[in-house]
Amino acid sequence: SNTFLDLARQGLIFGRMKDLLLALTAGDKQSVCRTTRSLLAIGATSGADLATGLLMTLSCERFRSRMD
């Protein structure tokens with residue numbers, strides 16, 4: 001987890017997270033499901049922690065865009 005945080009601080013994205021982001025932006029439901037499963041398979045909770053952080057970030061950004 002510390003490594004992921006350090007990489008994010010440097011502006012680098014973990015490969016499986018990047019794959020999920022690309023699938024989300026492409027709107028390909030099958031790819032989103034596949035890449036989500038791949039991300040969740042990391043460690044005991046690390047993948048779920050990353051996915052939760054991504055979901056919270058996207059939710060906050062969506063909320064902010066509605067407030068503007």
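**Close-up views of a four-helix chain**

**View 1. Arg16 reaches across to Ser38, Leu39, Ala41 and Ile42.** Leaving out residues up to four places away in sequence, Arg16 touches Ser38, Leu39, Ala41 and Ile42 (contact means heavy atoms within 4.5 Å). You are looking at a predicted model, in which local features need pLDDT of at least 70 and side-chain atom pairs count only at pLDDT 80 or more, while totals for chains, interfaces and linings use all residues. Residues are numbered from 1 along each chain as its sequence is written, and side-chain values use heavy atoms, with hydrogens and water left out. Arg16 sits in helix α2 (helices are DSSP runs of H or I with at least four residues, strands are E runs of at least two, and both are numbered from the N terminus). A polar atom of the Arg16 side chain lies 2.9 Å from the backbone oxygen of Ser38 (a polar contact is an N or O pair within 3.5 Å, one able to donate a hydrogen and the other to accept it within protein; residues adjacent in sequence count only if both atoms are side-chain atoms). With 32% relative accessibility, Arg16 counts as partly exposed (buried is under 20% relative accessible area, exposed over 50%, partly exposed in between, using a 1.4 Å probe and protein chains only).

**View 2. Thr35 is a buried residue of α3.** Thr35 belongs to helix α3, and its relative accessibility of 5% is why it counts as buried. Beyond residues up to four places away in sequence, Thr35 touches Asp19, Leu20 and Ala23. For orientation with the previous view, the C-alpha atoms of Arg16 and Thr35 are 6.8 Å apart, although 19 residues separate the two in sequence.

**View 3. Helix α3 has a buried side and an exposed one.** The 12 residues of α3 should span 16 Å at 1.5 Å a residue, and its end C-alpha atoms are indeed 16 Å apart (the expected span is 1.5 Å times one less than the number of residues). Ser31, Val32, Thr35 and Leu39 are buried in this helix. Viewed down the axis of α3, its buried residues fall within an arc of 100 degrees, so they line one face of the helix (the arc is that of the directions from the helix axis to the C-beta atoms). These buried residues pack against α2 and α4. On the face turned away from the buried side you will find the exposed residues Lys29, Gln30 and Arg37. At the N-terminal end of α3, Asp28 acts as a cap, with a side-chain oxygen 3.2 Å from the backbone nitrogen of Gln30.

**View 4. Helix α2 packs against α3 and α4 through its buried residues.** The 12 residues of α2 reach 16 Å from first C-alpha to last, close to the expected 16 Å. Its buried residues are Met17, Leu20 and Ala23. They cover an arc of only 125 degrees around the axis, which puts them on the same side of α2. Thr25 and Ala26 are exposed on the face turned away from that buried side. Just after the helix, Gly27 takes a positive phi of about 75 degrees.

**View 5. Helix α4 spans 32 Å.** With 22 residues, α4 reaches 32 Å from its first C-alpha to its last, close to the 32 Å expected. Buried here are Ser46, Gly47, Leu50, Ala51 and Leu54. Down the axis of α4 its buried residues keep within an arc of 135 degrees, so they line one face of the helix. The face turned away from them carries the exposed residues Leu55, Met56, Phe63, Arg66 and Met67.

**View 6. Nine residues form the largest nonpolar core.** The core brings together Met17, Leu20, Ala23, Val32, Leu39, Ile42, Leu50, Ala51 and Leu54. At least two of its residues come from each of α2 (15-26), α3 (29-40) and α4 (46-67). A nonpolar core here is a set of buried Ala, Val, Leu, Ile, Met, Phe, Trp, Tyr and Cys residues joined through side-chain atoms within 4.5 Å. Leu39 is a helpful one to follow: apart from neighbours within four places in sequence, it is in contact with Arg16, Met17, Leu20, Gly47, Leu50 and Ala51.

**View 7. Stepping back, the protein chain follows the pattern α-α-α-α.** It has four helices and zero strands. Its C-alpha atoms fill a box of roughly 35 × 30 × 20 Å along the principal axes. Of the 68 residues in the chain, 19% are buried. Among contacts between residues at least 6 apart in sequence, 41% join residues at least 24 apart.
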